[in-house]
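The following exercises ask you to read secondary structure, burial and contacts from a single model. Work through each task before turning to its solution.

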Amino acid sequence: MTRVLDHVIEERGRPEQVLTDNGSEFISKAFDQWSHQRGIHHHFIQPGKPMQNGTCESFNGRFRDECLNEHWFSSLWEARAITKAWMDDYNHRRPHSALGGLPPAVAARRWDSLRSPTAPSANPIEILFNPTGSL
């Protein structure tokens with residue numbers, strides 16, 4: 001998880017805060033050290049309160065309904081290929097009403113062009129499920 005987040009930071013800048021659930025990958029000493037070393041406040045949602053991280057929960061539900069429930073994977077390679085294709089569509093082609101009808105990749109490029117290259121991110125990173133382990 002920390003390698004993925006380091007990659008996000010390289011691409012988008014360092015956030016002030018990371019908002020996560022209480023999953024084992026986020027309550028580890030390694031993740032705690034990682035956030036402390038980078039000066040990133042790690043905020044947990046309350047256990048049993050998934051709507052405190054509604055964006056993530058919404059994404060997880062959509063991913064489950066539109067991708068995982070629609071396919072029967074016969075191999076890890078097939079699962080990676082199908083989920084990567086779904087994520088590519090979700091991030092690069094599909095309009096999102098919360099982003100003014102833009103796909104997330106387009107909105108991110110526009111937002112990045114307005115930021116100073118050295119300015120930290122004002123928004124927390126919400127951890128979204130990424131089945132391929134890549135960005």
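Helices (H or I, at least four residues) and strands (E, at least two) are taken as DSSP runs and numbered from the N terminus. The model is a predicted one, in which local features need pLDDT of at least 70 and side-chain atom pairs count only at pLDDT 80 or more, while totals for chains, interfaces and linings use all residues. Residues are numbered from 1 along each chain as its sequence is written, and side-chain values use heavy atoms, with hydrogens and water left out.

**Exercise 1. Place T83 and describe its surroundings.**

Solution. Begin with the location: T83 belongs to helix α4. Next take its burial, where buried means under 20% relative accessible area, exposed over 50%, and partly exposed in between (1.4 Å probe, protein chains only). T83 has a relative accessibility of 3% and is therefore buried. Finally, look for a polar partner of the side chain: one of its polar atoms lies 2.8 Å from the backbone oxygen of A79.

**Exercise 2. Set out the chain as a whole.**

Solution. The chain holds five helices and three strands, and from the N terminus on these follow the order α-β-α-β-α-α-α-β. Of its 135 residues, 29% count as buried. With contact meaning heavy atoms within 4.5 Å, one then considers the contacts between residues at least 6 apart in sequence, and 59% of these join residues at least 24 apart.

**Exercise 3. Analyse the pairing of β1 with β2 and the connection between them.**

Solution. Two strands pair if DSSP finds at least two bridges between them. Strand β1 (residues 17-20) and strand β2 (residues 41-44) are joined by four bridges and run in the parallel sense. Within this pairing, Q17 stands opposite H41. The path from β1 to β2 leads through helix α2 (residues 29-37), and the resulting β-α-β crossover is right-handed, a term that applies if, with the strands pointing away from the viewer, the path from the first strand over the helix to the second runs clockwise. A further bridge to name is the one in which T20 has F44 of β2 as its partner.

**Exercise 4. Which residues of α2 are buried, and how are they arranged around the helix?**

Solution. The buried residues of α2 are F31, W34 and S35. Viewed down the helix axis they fall within an arc of 90°, so they line one face of α2; the arc is that of the directions from the helix axis to the C-beta atoms. These buried residues pack against α1 (2-12), β1 and β2. The face turned away from the buried side carries the exposed residues K29, Q33, H36 and Q37. After α2 comes G39, whose phi is positive, near 70°.

**Exercise 5. Compare H96 and G101 by location, burial and contacts.**

Solution. H96 is found in the loop between α4 (76-92) and α5 (104-114), and G101 also has its place in the loop between α4 and α5. H96 is buried, with a relative accessible area of 13%, whereas G101, at 39%, is partly exposed. Leaving aside neighbours within four places in sequence, H96 is in contact with Y90, G101, L102, P103 and P104. Under the corresponding exclusion of residues up to four places away, G101 touches P95 and H96. As a last step, the side chain of H96 reaches the backbone oxygen of Y90 at 2.9 Å.

Methods: Polar contact = N/O pair within 3.5 Å; in protein donor to acceptor, adjacent residues only side chain to side chain.
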